[in-house]
Amino acid sequence: MIDEIQFYEPNDDFGFLSNFALAAVKIDGVVWPSSEHFYQAQKFNDPQLQDFIRTATTPDEAFSLSREYAQLVKSDWMAVRDGVMRDVVMEKFSQNPFYAYQLVATGEQVLTEHSHKDAYWGDGGDGQGRNELGKILMNVRHQLASQAPYNLVSYIDSAKLPTEFGTFQVNGFIEHATGKEHLALVYGQLDTSKPVLIRLHSECLTGDALFSARCDCGFQLAKAMQNIVAKGSGVIFYLRQEGRGIGLLNKIRAYHLQDDGADTVEANERLGFAADMRDYTFCQGMLGYLNINTVNLMTNNPRKVNALMKAGINIAERVPLQEGHNPHNAGYLKTKANKLGHMFESNFIN
């Protein structure tokens, strides 16, 4: 990983760091198209001139207008400009979570505005400038990285994932509390102004990859992917919480106990575990990165619904996902219904 990130043009890599990036901020009830609009307008005391700059078509136009009216800049501007910049940059990232997660994901790398035009906010183009904007960004990053939900996960990278159902974009995250790696498989263009169709799918190696018929996990995963593709957009969150949180090898031990007559809940309890050890709090970080506020959740599990609500995730609708009933998992499904409260239609498990 490089030690320094240089940014300047808003459409370049890391352009979201620029004040010229279009990220609206609402300050004192007024919406500004970008932090650059706000910053340039604060040079003046005249409310009409401030609003004129606010309605500029682009950040570049807002910048030019401030130069055009340079003779009207307030007398104490040089003394207060740093504070104005600090405040609006913090608001930009606090109010635009997608950009905030990207900022936090830069880790400890030095952030440098690589501008040959500005040796105060930038590096002057030769690295000798003060880079005050970069310093502010690093300070904001430090503050965000220490608080929820930004401290729950780190975004790592993304890539295309062609599947038999369609091509998804796979996004990788690391959960800070456990170090576990989790995935978000995004299909289509998400409209986050509406509830997004999602599935929180806990890893089941035996069912998902080895085609086990002892559970319904693999069948549910396939159906959830089909549902998302049919709808046109949505997300599969693939969570590394094998065996309802007890891990792969303990799940095999539980299977052995089930072979000897225990049901899935009894097997976990005999091994010293609760029936369900999963925690979904960290999902706030993954959902936040994707700018998802409200979801339609594919699940039969009321505990998952309650856990997500407790974690602050808004659920508009629970979407049933009943797949994979077969002679090998009939008892397993009945136990999920009777002991874990899973919501199945009676004709599915009988």
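**Exercise 1. Place Ala 222 and classify its exposure.**

Ala 222 has a relative accessible area of 22%, so Ala 222 is partly exposed (buried means under 20%, exposed over 50%, partly exposed in between, with a 1.4 Å probe and protein chains only). Ala 222 lies in helix α8, residues 217-231 (helices are DSSP runs of H or I with at least four residues, numbered from the N terminus). Now relate Ala 222 to Lys 26. The two are 196 residues apart along the chain, and their C-alpha atoms are separated by 42 Å.

The model is predicted: local features need pLDDT of at least 70, side-chain atom pairs count only at pLDDT 80 or more, and totals for chains, interfaces and linings use all residues. Residues are numbered from 1 along each chain as its sequence is written, and side-chain values use heavy atoms, with hydrogens and water left out.

**Exercise 2. Describe the packing of α4 and α6.**

Step 1: geometry. Two packed helices are described by the angle between their axes and the distance between the axes. Helix α4 spans residues 77-95 and helix α6 residues 132-145. Their axes come within 10 Å and cross at roughly 45° (axes are lines fitted to C-alpha atoms over the stretch in contact, and angles run from 0 to 180 degrees between N-to-C directions).

Step 2: class. α4 and α6 are therefore oblique to each other (under 35 degrees is roughly parallel, over 145 roughly antiparallel, 65 to 115 roughly perpendicular, the rest oblique).

Step 3: contact (heavy atoms within 4.5 Å). α4 contributes Asp 82, Met 85, Arg 86, Val 89, Met 90 and Phe 93. α6 contributes Leu 133, Ile 136, Leu 137, Val 140, Gln 143 and Leu 144.

Step 4: chemistry. The contact residues divide into nine nonpolar, one polar and two charged.

**Exercise 3. Account for the disulfide count.**

Step 1: count. The structure holds zero disulfides (a disulfide is a pair of cysteine sulfur atoms within 2.5 Å).

Step 2: Cys 215. The closest cysteine sulfur, in Cys 217, is 3.6 Å from that of Cys 215, too far for a bond. Cys 215 is buried, at 3% relative accessibility.

Step 3: Cys 283. Cys 283 is in no disulfide either; the nearest cysteine sulfur, again that of Cys 217, is 16 Å away. Cys 283 is buried, at 0% relative accessibility.

**Exercise 4. Locate Asp 51 relative to Arg 86.**

Asp 51 sits in helix α2, residues 47-54. At 37% relative accessibility, Asp 51 is partly exposed. Asp 51 and Arg 86 are 35 residues apart in sequence and 21 Å apart in space, C-alpha to C-alpha.

Notes:
Helix = DSSP H or I, 4+ residues; strand = E, 2+ residues; numbered from the N terminus. Nonpolar A, V, L, I, M, F, W, Y, C, P; charged D, E, K, R; others polar.
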